[in-house]
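Colleague: I'd like to go through this model with you, one short question at a time. Please give me the cut-offs as we go.

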Amino acid sequence: MDPSKITFTIEGKEITLETGLIAKQANGAVLLHVGDTTILSTVCSGKKALDDIDFLPLRVDYQEKFSSIGKTPGGFIKRQGKPTIKEILTSRLTDRSFRPLFEDGYYKDTQILSYVYSYDSIHLPDVLAICAASAALAISDIPLKKPVGAVRVGYINNEYIINPTAEETKNSDLDLILSGTDDAILMIEGYSNFLTEEQILEAIDVGHKAIKTICLEISAWAAKIGKEKNRKGLHVIDQKIIDDVAEKTSAQIITALSVKDKKLREADFDDLNAKLIETYKLDTLEPIYPKRDVFTAFKKISSSLMRKKILEENKRIDGREFNEIRKIDSEIGFLGRTHGSAVFTRGETQAIAVCTLGGENMAERYEDLHGDGAHRFYLHYFFPPFSVGEVGRVGFPGRREIGHGKLAERALMSTLPDQKDFPYIIRLEANITESNGSSSMASVCSGCLSLMDAGVPIKRPVSGIAMGLIIEEEKFVILSDIMGTEDALGDMDFKITGDENGITAFQMDIKVEGITKEIMKKALDQAKEGRIHILKKMLEKCPRSNEKLSLHAPRIINIQIKPSKIGTVIGPGGKQIRAIIEETGVEMDISDEGIVSIVSNDEKSMARAKEIVTSLTAEVEIGKTYHGKITSIKPFGLFVQVFSQEGLCHISELSHTRIENIYDLFKEGDPLEVKVVDIDDRGKVRLSHKALLSKKTEE
């Protein structure tokens, strides 16, 4: 492909796409430039479709090169290793944006790789990487139905901003990432400071207008220089297979879809799967139909029958109304030795959340293109295989666990007190012990309750709910609090968290090509009703945060010192701070702003550590009296240490009478009460002992 480029503008920001210069052997490759930010996205597919799979084997990886800002990773190993949380989340955003748009029957191994090669610390690269990948797919021969655009929307001073800069994002009440086509939204990931449903809808509308521009520009470019789409390997199921499977299984599927209990329903579907294997000889060398086709047809029939049951008969699998929430139960203080704990059960989904409080040493450290940092609040989500009654891998978290954990974490972040009011580092653990729909929202509810149980003075409690969608042409139904089957066979998974007055987080994935604003508004309104209901149930068990911390939680004292005194407390090579910790047994940490955090369960140890820090950092004031220590004796006077400062008490200021031999009257190490009479411009302190003797004489 010959070199080619296009340039267009989104809200005053110029975006350039070019191809034909870099990575020419890929199916598609695009360089995207905004300012001095440059991203390379490539797409490649396998030569042949994979046999006996009924899903798209899509792999997406996004990497932010540290070299893009002229630095290397910290630590001993300088080669970038496993992906960061940010890179994993961006990879998930990219995957969720494109997966619904690959043509049916496309089963080739497909890989999207995006690399940030240059970053100007202004134009955030995550949404730009989605646009670059979209352009690479559009000009390639890989059968994507239509281009995708993506933008970030901020909300600052009551104004919506498209693709705010890194600095603007810090002051925004909204962090919304949208992707979609020129006529519909496909994916939403957003966090807000209790914005209303109307504000969120308006933000989505503003963002989609920019997405339309991006999609139209990429479409026009692809029409001009793009490769012809390769549809030779698309696998289409013969209709007679679908009809045959439907004839043999429909009655049993309808029966199974009426079973309320998840385990019993799954057992019925397992029996059906076994029947299909036997009927069509799928475990032999000569099956009647290909195994993939049989099970793809079975899934289509199951989905169709469930949708018909909902749309025509107005019945859900478990008999609930469309807006009805499953039974909710919760308990706080579930675990005796933790700082805070809660169990939240909604239907057949259950989460145990544990809150742990600590000092700065407990903060979660990270390193990214913006530098080093530490999270004072973080949530770790665990989804063991027993939660769905299965045997599975246990170990490092997968991308799904990381994504669900981050969603719950960001949902709760707006409720946290300011650090100056509550100086603790907060870690939440969300342990899923049962799962049948929306374990991430159960994590939000249980996490909020465990914070309250721990005595964290949250600003306002929040809950979360997952919404579903069944849509056929012009007819649609919104489902509140969806079950796993409704998620798997339905068209949408829309998660929303917040309280009765606002939203803190929302995440939406669509399996169809998109939904209208009307559907989204109805989903948001119905979700509000649901989360208010859930929140009321939560508050029945825990109306407010505990007034006292757990006996097992550490206590924290914060001392503000001058930043210039940080070195004094730390000492050469950390000698001084290690000595304080060794003597008192406390944990200590000092921020760059001069906040000294002392953490311990022992009040006496904390008081002693505070006394040492105060003595090291306090400064003397003119006119005040102090108890000092003689550090040196000279013929002309004494050098006396007060706190960490040393001052001169001249021989004439020691007594009202003449002193013949100063060495006969004073010894090094002796205490001496002195008054500060002067501090010159160079910081030299002049002391007087005589001034205090004068006062005593007058008395």
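**Contacts, cores and strands**

Colleague: Which backbone oxygen does the side chain of Arg346 reach at 2.9 Å?

Modeller: The model is predicted: local features need pLDDT of at least 70, side-chain atom pairs count only at pLDDT 80 or more, and totals for chains, interfaces and linings use all residues. Residues are numbered from 1 along each chain as its sequence is written, and side-chain values use heavy atoms, with hydrogens and water left out. A polar contact is a pair of N or O atoms within 3.5 Å; within protein, one must be able to donate a hydrogen and the other to accept it, and residues adjacent in sequence count only if both atoms are side-chain atoms. At 2.9 Å, the side chain of Arg346 reaches the backbone oxygen of Gly437.

Colleague: How far is the backbone oxygen of Ser438 from a polar atom of the side chain of Arg346?

Modeller: Contact means heavy atoms within 4.5 Å. Leaving out residues up to four places away in sequence, Arg346 touches residues including Gly437, Ser438 and Asp481. From the backbone oxygen of Ser438 to a polar atom of the Arg346 side chain the distance is 3.0 Å.

Colleague: Is Arg346 buried or exposed?

Modeller: Arg346 lies in strand 12, residues 340-346. Helices (H or I, at least four residues) and strands (E, at least two) are DSSP runs, numbered from the N terminus. Buried means under 20% relative accessible area, exposed over 50%, partly exposed in between (1.4 Å probe, protein chains only). Arg346 has a relative accessibility of 1%, so it counts as buried.

Colleague: In what order do the five strands of the open sheet run?

Modeller: Two strands pair if DSSP finds at least two bridges between them. The pairing in this sheet is mixed. Its edge strands, each paired on one side only, are strand 11 (328-332) and strand 16 (377-382). The order is 11-12-13-17-16.

Colleague: What is the average twist from one strand to the next?

Modeller: Axes are lines fitted to C-alpha atoms, for helices over the stretch in contact, and angles run from 0 to 180 degrees between N-to-C directions. From one strand to the next, the twist averages 15 degrees.

Colleague: Which residue of strand 17 stands opposite Ala351?

Modeller: Strand 13 (residues 349-358) and strand 17 (residues 425-434) pair over nine bridges, in the antiparallel sense. Opposite Ala351, in strand 17, stands Ile432.

Colleague: At about what angle to strand 12 does helix 9 run?

Modeller: Helix 8 (residues 399-413) packs on the sheet and touches strand 16 and strand 17. Helix 9 (residues 439-453) lies across strand 11, strand 12, strand 13, strand 16 and strand 17. The angle of helix 9 to strand 12 is about 145 degrees.

Colleague: Is Thr356 buried or partly exposed?

Modeller: Thr356 is found in strand 13. Beyond four places in sequence, Thr356 touches His339, Met362, Ile425, Ile426 and Arg427. Its relative accessible area is 25%, so Thr356 is partly exposed.

Colleague: Which three residues touch the most other members of the largest nonpolar core?

Modeller: A nonpolar core is a set of buried Ala, Val, Leu, Ile, Met, Phe, Trp, Tyr and Cys residues joined through side-chain atoms within 4.5 Å. The largest core has 161 residues. Those touching the most other members are Leu17, Leu357 and Phe494.

Colleague: How many residues are in the other core, the one with Leu638?

Modeller: Back in the largest core, Phe494 has contacts including Ile465, Phe506 and Leu524. Apart from that core lies another, with Leu638, Cys649, Leu654 and Val676 among its members. Its count is 17 residues.

Colleague: Why does Cys448 form no bond with the closest cysteine sulfur?

Modeller: A disulfide is a pair of cysteine sulfur atoms within 2.5 Å. A search of the whole structure finds zero. Cys448 is buried, with a relative accessible area of 1%. The closest cysteine sulfur, in Cys445, is too far for a bond, because the separation is 7.8 Å.

Colleague: How far is the sulfur of Cys542 from the closest cysteine sulfur?

Modeller: Cys542 counts as buried, at 1% relative accessibility. The closest cysteine sulfur is in Cys448, too far for a bond. The distance is 8.1 Å.

Colleague: What share of the 699 residues in the protein chain is buried?

Modeller: The chain has 16 helices and 29 strands. Its C-alpha trace spans about 120 × 60 × 50 Å along its principal axes. Of the 699 residues, the buried share is 54%.
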